[in-house]
Amino acid sequence: MTDPLIDLQIDASDLQCPMPLLKTRQALRHLNPGQVLEVIATDASSAQDIPAYLRQSCHQLVRCDEQPGRWCFLIRRGERES
């Protein structure tokens, strides 16, 4: 299975909690439903915060890759939230 095309990438490296999550939420607002966001983060809290937010939202976590001290999230934008 191939990865979806990335429509927008944000690099939240070196940002501390809660900034990676806030940047993710802000970026998702700029995408259309179905588009894909890639988020790169180095704050360990992101590994829990971003997936937890996505579980409570209309957005879909396509994939999360973890390397030592670095996380890369692929997120598909869901339908508009009410």
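How exposed is Arg63, in terms of relative accessible area? Arg63 is partly exposed, with a relative accessible area of 23%, where buried means under 20% relative accessible area, exposed means over 50%, and partly exposed lies in between (1.4 Å probe, protein chains only). The structure is a predicted model, in which local features need a pLDDT of at least 70 and side-chain atom pairs count only at pLDDT 80 or more, whereas totals for chains, interfaces and linings use all residues. Residues are numbered from 1 along each chain as its sequence is written, and side-chain values use heavy atoms, with hydrogens and water left out.

Arg63 forms a salt bridge with Asp65, and the closest N and O atoms of the pair are 2.7 Å apart. A salt bridge is here a side-chain nitrogen of Lys or Arg within 4 Å of a carboxyl oxygen of Asp or Glu, and by this rule the count comes to one salt bridge. The partner residue, Asp65, is partly exposed at 31% relative accessibility.

Glu38 presents another arrangement of charge. This residue lies in strand β2, residues 36-41, where helices (H or I, at least four residues) and strands (E, at least two) are DSSP runs numbered from the N terminus. Glu38 is buried yet has no salt bridge, and the nearest side chain of opposite charge, that of Arg63, is 5.3 Å away; for this purpose Lys and Arg count as positive and Asp and Glu as negative, while His and the chain ends are not counted. The side chain of Glu38 does, however, make a polar contact with the side chain of Gln9, at 2.4 Å. A polar contact is a pair of N or O atoms within 3.5 Å; within protein, one atom must be able to donate a hydrogen and the other to accept it, and residues adjacent in sequence count only if both atoms are side-chain atoms. With neighbours within four places in sequence left aside, Glu38 is in contact (heavy atoms within 4.5 Å) with Ile6, Leu8, Gln9, Ile10, Cys72, Phe73 and Leu74.

Several of these contact partners can be described in turn. Leu74 is found in strand β4, residues 70-76, and is buried at 1% relative accessibility. Apart from neighbours within four places in sequence, the contacts of Leu74 include Ile6, Val36, Leu37, Glu38 and Arg63. Leu8, in strand β1, is partly exposed at 30% relative accessibility, and, with the same exclusion of neighbours within four places, is in contact with Ala27, Leu31, Val36, Leu37 and Glu38. Leu8 and Val39 are 31 residues apart in sequence, and their C-alpha atoms are 8.7 Å apart in space. Ile6 belongs to the segment before β1 and is partly exposed, with a relative accessible area of 40%; beyond its neighbours within four places in sequence, Ile6 is in contact with Val36, Glu38 and Leu74.

The loop between β1 (8-12) and α1 (19-29), in which Pro18 is placed, carries further backbone features. A cis peptide bond joins Cys17 and Pro18, with an omega of about 10°. Cys17, which is found in the loop between β1 and α1, is partly exposed at 43% relative accessibility, and outside its neighbours within four places in sequence it is in contact with Asp43, Ser45 and Asp49. The C-alpha atoms of Cys17 and Arg29, which are 12 residues apart along the chain, are separated by 20 Å. Asp14, also found in the loop between β1 and α1, has a positive phi of about 70° although it is not a glycine, and at 66% relative accessibility Asp14 counts as exposed.

Helix α1 and helix α2 (residues 46-55) pack at an angle of about 35°, with their axes 9 Å apart. Axes are lines fitted to C-alpha atoms, for helices over the stretch in contact, and angles run from 0 to 180 degrees between N-to-C directions. The crossing of α1 past α2 is right-handed, the near helix being turned clockwise from the far one by less than a right angle, whereas an anticlockwise turn would be left-handed. In this packing Pro20, Leu21, Thr24, Arg25 and Leu28 of α1 meet Ser46, Asp49, Ile50, Tyr53 and Leu54 of α2.

Ser57 is placed in the loop between α2 and β3 (60-67) and is buried, with a relative accessible area of 17%. A polar atom of the side chain of Ser57 lies 3.1 Å from the backbone nitrogen of His59.
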